[in-house]
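Visitor: I would like a close look at a single part of this protein, the nonpolar core and the aromatic residues in it. Please set that part in its surroundings before going into the detail.

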Amino acid sequence: KHEEIWLTISVGMLVLFMVIVGYQTFALGMGPPSNKETLDPQKVDQTAPFDNPGVFEVGPNEYEVVMVLQVFSFTPNNIEIPKGATVHFTMTSKDVVHGFQVAGTNLNAMVMPGYIQKITQKFDKPGEYLVLCNEYCGAGHQMMSTTITVK
Ligand code: CUA
């Protein structure tokens, strides 16, 4: 009888553990990004705003950067913005999963084909910021970089 009780308890613990892990996976956003805006990755060039990537002034020292990532580059690249600018990045990938990491800031985002990634950053310090892809995306991954110049 004791054995049956212990067996029931261990099975119960195991089920509970699996439920917790499953819940965390979704609740913490590690699962599929079901709450993000989507688009057809085959039609990035024809889908607004990505049909016109670039840097756009949207307010007083406030900019939107519409950016497309592809193997192995960022479009637009070598961006320049004024000191103190608030920049809203709107990004997607044309092909595989890429990363968008800006050295010297907290900016670090995964950019996936079929999804729109939005992230905002204020650039108070002038300088040249190195932008790196931090998701392995193929043979040219190490070369995938650009800069953001703040002046
Ligand atoms: Cu793109 Cu690594």
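Guide: Read from the N terminus in this predicted model, the order of elements is α-β-β-β-β-β-β-β-β-β-β, that is, one helix and 10 strands. The protein is divided into domain 1, residues 1–31, and domain 2, residues 41–150, and the C-alpha centres of these two domains lie 40 Å apart. Along its principal axes the C-alpha trace spans about 75 × 35 × 30 Å, and the radius of gyration is 21 Å, where a compact globule of 151 residues would have one near 15 Å. Two glycines help to show these distances. Gly12 is found in helix H1, residues 2–27, and counts as partly exposed because its relative accessibility is 35%; its C-alpha lies 43 Å from that of Thr92, at a separation of 80 residues in sequence. Gly114 sits in the loop between E7 and E8 and counts as buried, with 10% relative accessibility. From the C-alpha of Gly114 to that of Glu4, 110 residues away along the chain, the distance is 50 Å. Leaving aside residues up to four places away in sequence, Gly114 touches Glu37, Thr38, Leu39, Pro41, Thr92 and Ser93.

Now to the core itself. The largest nonpolar core has 24 residues, and the members that touch the most others are Phe89, Phe100, Phe123 and Ile148. Two or more residues each come from strand E2 (62–70), strand E4 (79–81), strand E5 (85–93), strand E6 (98–102), strand E7 (108–111), strand E9 (127–132) and strand E10 (145–150). Apart from this core lies another, of six residues, among them Leu39, Val44, Phe50 and Val68.

Ile148 offers one way into the larger core. When residues up to four places away in sequence are not counted, Ile148 touches Ile79, Ile81, Phe89, Val102, Phe123, Gly127, Glu128, Tyr129 and Val131. This list includes Phe89 and Phe123, which, like Ile148, are among the residues that touch the most other core members.

The aromatic residues can be followed from there. A search of the whole structure finds four aromatic pairs. In one of them, the rings of Phe89 and Phe123 have centres 6.4 Å apart and planes at 75 degrees, so this pair is edge-to-face. It links distant parts of the chain, since Phe89 belongs to strand E5 and Phe123 to strand E8 (residues 117–123), with their positions 34 residues apart. Both Phe89 and Phe123 are buried. The rings of Phe123 and Tyr129 also form an edge-to-face pair, because their planes stand at 75 degrees, with the ring centres 5.4 Å apart. Phe123 has a relative accessible area of 1% and is therefore buried, while Tyr129, at 12% relative accessibility, counts as buried as well. Phe123 thus takes part in a pair with Phe89 and in a pair with Tyr129, and one aromatic cluster is formed by Phe74, Phe89, Phe100, Phe123 and Tyr129.

Some backbone details complete the surroundings of the core. Most residues other than glycine have a negative phi, and most peptide bonds are trans. A cis peptide bond joins Thr75 and Pro76, with omega about 0 degrees, and Pro76 lies in the loop between strand E3 (73–75) and E4. In that loop, between E3 and E4, is also Asn78, whose phi is positive, near 45 degrees, and which is partly exposed, with a relative accessible area of 47%. Another cis peptide bond, with omega about 0 degrees, joins Ala48 and Pro49; Pro49 is placed in the loop between H1 and strand E1 (54–59). Asn61, in the loop between E1 and E2, has a positive phi near 50 degrees and is partly exposed, its relative accessible area being 27%.

For the protein as a whole, 35% of the 151 residues count as buried. Among contacts with a separation of 6 or more, 58% are between residues 24 or more positions apart. The exposed surface comes to about 9,300 Å², and carbon and sulfur atoms supply 58% of that area.

Key. Residues numbered from 1 in each chain as written. Predicted model: local features only at pLDDT ≥ 70, side-chain atom pairs only at ≥ 80, totals over all residues. Heavy atoms only, no water. Domains from an automatic or database assignment. Core = buried A, V, L, I, M, F, W, Y, C linked by side-chain atoms within 4.5 Å. Buried < 20%, exposed > 50% of the residue type's maximum accessible area, 1.4 Å probe, protein only. Helix = DSSP H or I, 4+ residues; strand = E, 2+ residues; numbered from the N terminus. Contact = heavy atoms within 4.5 Å. Phe/Tyr/Trp six-rings, centres within 6.5 Å; stacked < 30°, edge-to-face > 60°. Rg over C-alpha atoms; globule rule 2.2 N^0.38 Å. Areas by Shrake-Rupley, 256 points an atom, 1.4 Å probe, with all protein chains shown as cover.
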